[in-house]
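Reader: I should like to learn how to read a structural model feature by feature. May we go through one together?

Author: Certainly; let us place the model before us and begin.

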Amino acid sequence: MRILVVEDEPALALRLQQTLEAAGFAVDLAYDGEDGWHLGDTEPYDAAVLDLGLPKLDGVGVLGRWRESGRTMPVLVLTARGRWSDKMAGFNAGADDYLTKPFELEEVVYRLRALIRRAAGHAQPELACGPVRLDTNSGRVSVDGQTVQLTAQEFRILAYFMHHPGRVVSRTELTEHVYDRHFDNDSNVLEVMLGRIRKKVGAELIRTVRGQGYRLAEPDAP
Ligand code: CA
């Protein structure tokens with residue numbers, strides 16, 4: 001899952017990036033409203049963390065423009081002031097949730113996981129496909145009840161498939177949702193990762209759909 005963080009305080013932006021990356025997300029940073037709006041308008045993020053007080057274009061303006069142009073990713077708004085009028089303005093512009101500064105960094109992680117899961121249509125924190133289970137809160141993955149250790153990259157890829165079971169996911173879509181914008185799309189890293197994941201969770205779980213991409217399916221499904 002790939003997250004956009006728009007926050008003009010460099011120290012907080014960096015701490016958010018480190019925390020989210022440690023929790024298994026790919027993260028892009030923007031430090032002002034214009035850059036943040038542009039990235040969110042052109043890159044396919046699974047969610048955004050958006051500060052309201054930003055230089056060049058404020059958070060409400062950024063969010064309003066995203067929603068006007070049909071960008072529907074969940075947005076967690078950060079507000080320094082905690083005033084109800086600020087929160088209301090954020091919700092009216094299309095925010096899905098908000099946090100008042102100062103906040104616990106871990107709370108951002110938990111709220112984002114819940115927002116992304118619900119946006120994909122899953123009410124429960126545990127996602128299942130055949131013998132494979134993925135707990136979005138703890139990050140635990142198991143096959144037939146046995147815990148499987150995945151690297152952060154492997155986890156991001158499997159989590160994306162588990163959020164979108166049964167659907168064909170193109171290579172481009174997968175790359176755009178599991179790596180940040182500095183990823184080299186021409187490399188064969190993705191195929192290597194898929195090979196490792198199949199070894200750990202079962203070769204039949206992630207099918208290759210010739211000429212189209214990949215599809216997560218239960219092992220005994222056609
Ligand atoms: Ca700010």
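**Reading the model**

Author: Leaving aside neighbours within four places in sequence, Ile-3 touches Leu-20, Phe-25, Ala-26, Val-27, Asp-28, Tyr-45, Ala-47, Val-49, Leu-112 and Ile-116. Please bear in mind throughout that this is a predicted model.

Reader: Where is Ile-3 found, and is Ile-3 buried or exposed?

Author: Ile-3 belongs to strand S1. A residue counts as buried when its relative accessible area is under 20%. Ile-3 has a relative accessibility of 0%, and is therefore buried. For its place in the wider chain, consider Ala-221: the C-alpha atoms of Ile-3 and Ala-221 are separated by 32 Å, and the two residues are 218 residues apart along the chain.

Reader: Let us turn to the metal. Which residues are the protein donors of the calcium ion?

Author: One reads a metal site by listing the protein atoms that act as donors to the ion. Here they come from Asp-8 (OD), Asp-51 (OD) and Gly-53 (O), at 2.1 to 2.3 Å from the calcium ion. Written as a sequence pattern, the spacing of these donor residues is D-x42-D-x1-G. The pair Asp-8 and Gly-53 links distant parts of the chain, with their positions 45 residues apart: Asp-8 is in the loop between strand S1 (2–6) and helix H1 (10–22), and Gly-53 is in the loop between strand S3 (47–51) and helix H3 (59–68).

Reader: How accessible are Asp-8 and Gly-53?

Author: The class between buried and exposed runs from 20% to 50% relative accessible area. Asp-8, at 29%, is partly exposed. Gly-53, at 37%, is likewise partly exposed.

Reader: Where is Pro-10 placed, and is Pro-10 buried or exposed?

Author: Pro-10 lies in helix H1. The cut-off for exposed is over 50%, and Pro-10 has a relative accessibility of 57%, so Pro-10 counts as exposed. Positions separated in sequence may also be compared in space: Pro-10 and Tyr-31 are 21 residues apart along the chain, and their C-alpha atoms are separated by 7.4 Å.

Reader: How should I read the packing of two helices? At what angle do H6 and H7 pack?

Author: One takes the angle between the axes, then their separation, and then the residues in contact. Helix H6 (residues 152–163) and helix H7 (residues 171–178) pack at about 120°, and their axes are 10 Å apart. That angle makes H6 oblique to H7. The crossing of H6 and H7 is right-handed. From H6 the contact uses Arg-156, Ile-157, Tyr-160 and Phe-161, while H7 contributes Glu-173, Leu-174, His-177 and Val-178. By character, the residues of this contact of H6 with H7 are five nonpolar, one polar and two charged.

Reader: And how do H6 and H8 pack?

Author: H6 and helix H8 (residues 189–201) pack at an angle of about 80°, with their axes 10 Å apart. Angles from 65 to 115 degrees count as roughly perpendicular, so H6 is roughly perpendicular to H8. On the H6 side the contact is made by Gln-153, Glu-154, Ile-157, Leu-158 and Phe-161; on the H8 side, by Val-189, Leu-190, Met-193, Leu-194, Arg-196, Ile-197, Lys-200 and Val-201. The residues of this contact of H6 with H8 comprise nine nonpolar, one polar and three charged.

Reader: What should I look for in the backbone?

Author: Most residues other than glycine have a negative phi, and most peptide bonds are trans. The peptide bond from Lys-101 to Pro-102 is cis, with omega near -5°. Pro-102 is in the loop between strand S5 (97–100) and helix H5 (105–119).

Reader: What is the phi of Lys-56, and what is the phi of Asp-144?

Author: Lys-56 has phi near 75°, a positive value in a residue other than glycine. Lys-56 sits in the loop between S3 and H3 and is exposed, at 63% relative accessible area. Asp-144 has phi near 50°, also positive in a residue other than glycine. Asp-144 is in the loop between strand S8 (141–143) and strand S9 (146–148), and is exposed, with a relative accessible area of 62%.

Reader: In which strand is Gln-146, and how far is Gln-146 from Gly-53?

Author: Gln-146 is in strand S9 and is exposed, with 57% relative accessible area. The C-alpha atoms of Gln-146 and Gly-53 are separated by 46 Å, the residues being 93 residues apart along the chain.

Terms used. Residues are numbered from 1 along each chain as its sequence is written. This is a predicted model: local features need pLDDT of at least 70, side-chain atom pairs count only at pLDDT 80 or more; totals for chains, interfaces and linings use all residues. Side-chain values use heavy atoms; hydrogens and water are left out. Donors are N, O and S atoms within 2.8 Å of the metal (3.2 Å for Na, K and Ca); water is not among the atoms, so sites may look incomplete. Helices (H or I, at least four residues) and strands (E, at least two) are DSSP runs, numbered from the N terminus. Buried means under 20% relative accessible area, exposed over 50%, partly exposed in between (1.4 Å probe, protein chains only). Axes are lines fitted to C-alpha atoms, for helices over the stretch in contact, and angles run from 0 to 180 degrees between N-to-C directions. Angles under 35 degrees count as roughly parallel, over 145 as roughly antiparallel, 65 to 115 as roughly perpendicular and the rest as oblique. A crossing is left-handed if the near helix is turned anticlockwise from the far one by less than a right angle, and right-handed if clockwise. Contact means heavy atoms within 4.5 Å. Ala, Val, Leu, Ile, Met, Phe, Trp, Tyr, Cys and Pro count as nonpolar, Asp, Glu, Lys and Arg as charged, and the others, Gly among them, as polar.
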